[in-house]
Amino acid sequence: MERKEEEEEDIVCLDESFFINDNYQLTTFTFGSQVIQLFCLHSASTDFDLTGQLVWPGAMLLNDYLSKNDEMLQGCSAIELGSGVGITGILCSRFCRDFVLTDHNDEVLKILKKNVELHASSENPNDCAGLVAEKLEWGNSDQINQILQKYSGGFDLVLGADICFQQSSIPMLFDTVKQLLQIRGKGKCKFILAYVSRAKTMDSLVISEATQYGMHISEVSGTRSVVGNLDGVIFEVTLQ
């Protein structure tokens, strides 16, 4: 009995804050003529789904693409899925009329909102006009509808960068994309996905799920490149 009590005393209960790294560093990124500073981690957390705390290769790929094609952003309304620290939204807010950044993880939303506030209070507040952060779990129609109550006309663009990690999340991703594309209707809104290949099973799953949900997915010509020693590409997804 005494031995069992000693063993029980050795058990240490840790809450999730023990695993959370919030030692964010102010970091500078450059995309063409656009210079962005924001807070992020330089190495990834793996516990409690905190991958959104740093800037992933796909975000670099998407921002490079958008900075070279910023005419597609001019005056438009856009929403990003899985925004993480917000590097794509901050870039786009310099061109877009409205930009909604979303993430499902509460801890990631804290740093996302901190970066939105950082840029909203910058010397040129017009840079981030209409930039807001919202909670959105893919497939959650209630959360989608809450966002659409504020943006009843829908969006011109849906964006995603390096958001295809877990196979189980891909159906919900495209369910969400379809709901957002349908607001404007066929040909009036498109999903731009910066995809980084890490597994052949995921490569085929992304294509098949987009098709399964009644969408057409195509590779944007000239966008294949190596990012972080991995193959990356920009996809455009539209309603069929």
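A crossing of two helices is called left-handed if the near helix is turned anticlockwise from the far one by less than a right angle, and right-handed if clockwise. Keep that for the α6/α7 stop below.

What you have open is a predicted model: local features need pLDDT of at least 70, side-chain atom pairs count only at pLDDT 80 or more, and totals for chains, interfaces and linings use all residues. Numbering runs from 1 along each chain as its sequence is written, and side-chain values use heavy atoms, with hydrogens and water left out.

**The whole chain**

Start with a cartoon of everything. You should find seven helices and 10 strands; these are DSSP runs numbered from the N terminus, with helices being H or I of at least four residues and strands E of at least two. Of the 240 residues, 48% are buried, where buried means under 20% relative accessible area, exposed over 50%, and partly exposed in between (1.4 Å probe, protein chains only). Switch on a surface: about 12000 Å² is exposed, and carbon and sulfur atoms supply 47% of it. Those areas come from the Shrake-Rupley method with a 1.4 Å probe; for residues, only the protein chains shown count as cover. Take contacts (heavy atoms within 4.5 Å) between residues at least 6 apart in sequence, and 68% of them join residues at least 24 apart.

**α6 against α7**

Select 170-184 and 200-212. Helices α6 and α7 pack at an angle of about 35°, their axes 10 Å apart. Axes here are lines fitted to C-alpha atoms, for helices over the stretch in contact, and angles run from 0 to 180 degrees between N-to-C directions. α6 passes α7 in a right-handed crossing. Show sticks for I170, P171 and F174 on the α6 side, and you'll see them meet M202, L205, V206, E209 and A210 of α7. That contact is made of seven nonpolar residues, no polar ones and one charged. The classes are Ala, Val, Leu, Ile, Met, Phe, Trp, Tyr, Cys and Pro for nonpolar, Asp, Glu, Lys and Arg for charged, and the others, Gly among them, for polar.

Stay on α6 and pick T176. Is T176 buried or exposed? T176 counts as buried because its relative accessibility is 0%. Leaving aside neighbours within four places in sequence, T176 touches L81, L136, W138, G139 and I144.

**Helices α2 and α4**

Now select 57-68. The 12 residues of α2 should span 16 Å at 1.5 Å a residue, and the end C-alpha atoms are 17 Å apart, which agrees; the expected span is 1.5 Å times one less than the number of residues. Buried residues of α2 include L61, L62, Y65 and L66. Their cover includes β1 (25-31), α3 (87-92) and β10 (230-239).

Next, 106-120. For α4, 15 residues should span 21 Å, and the end C-alpha atoms are 21 Å apart. Look for V108, I111, L112 and N115 among the buried residues of α4. The buried residues pack against β2 (34-40), α3, β4 (98-103) and β5 (131-135).

**Two positive phi values**

Most residues other than glycine have a negative phi. D162, in the loop between β6 and α6, has a positive phi near 55°. D162 is buried, with a relative accessible area of 4%.

Last stop: N229, in the loop between β9 and β10. N229 has a positive phi of about 70°, and is exposed at 76% relative accessible area. Draw a distance from its C-alpha to that of P57: the separation is 9.3 Å, although the two are 172 residues apart along the chain.
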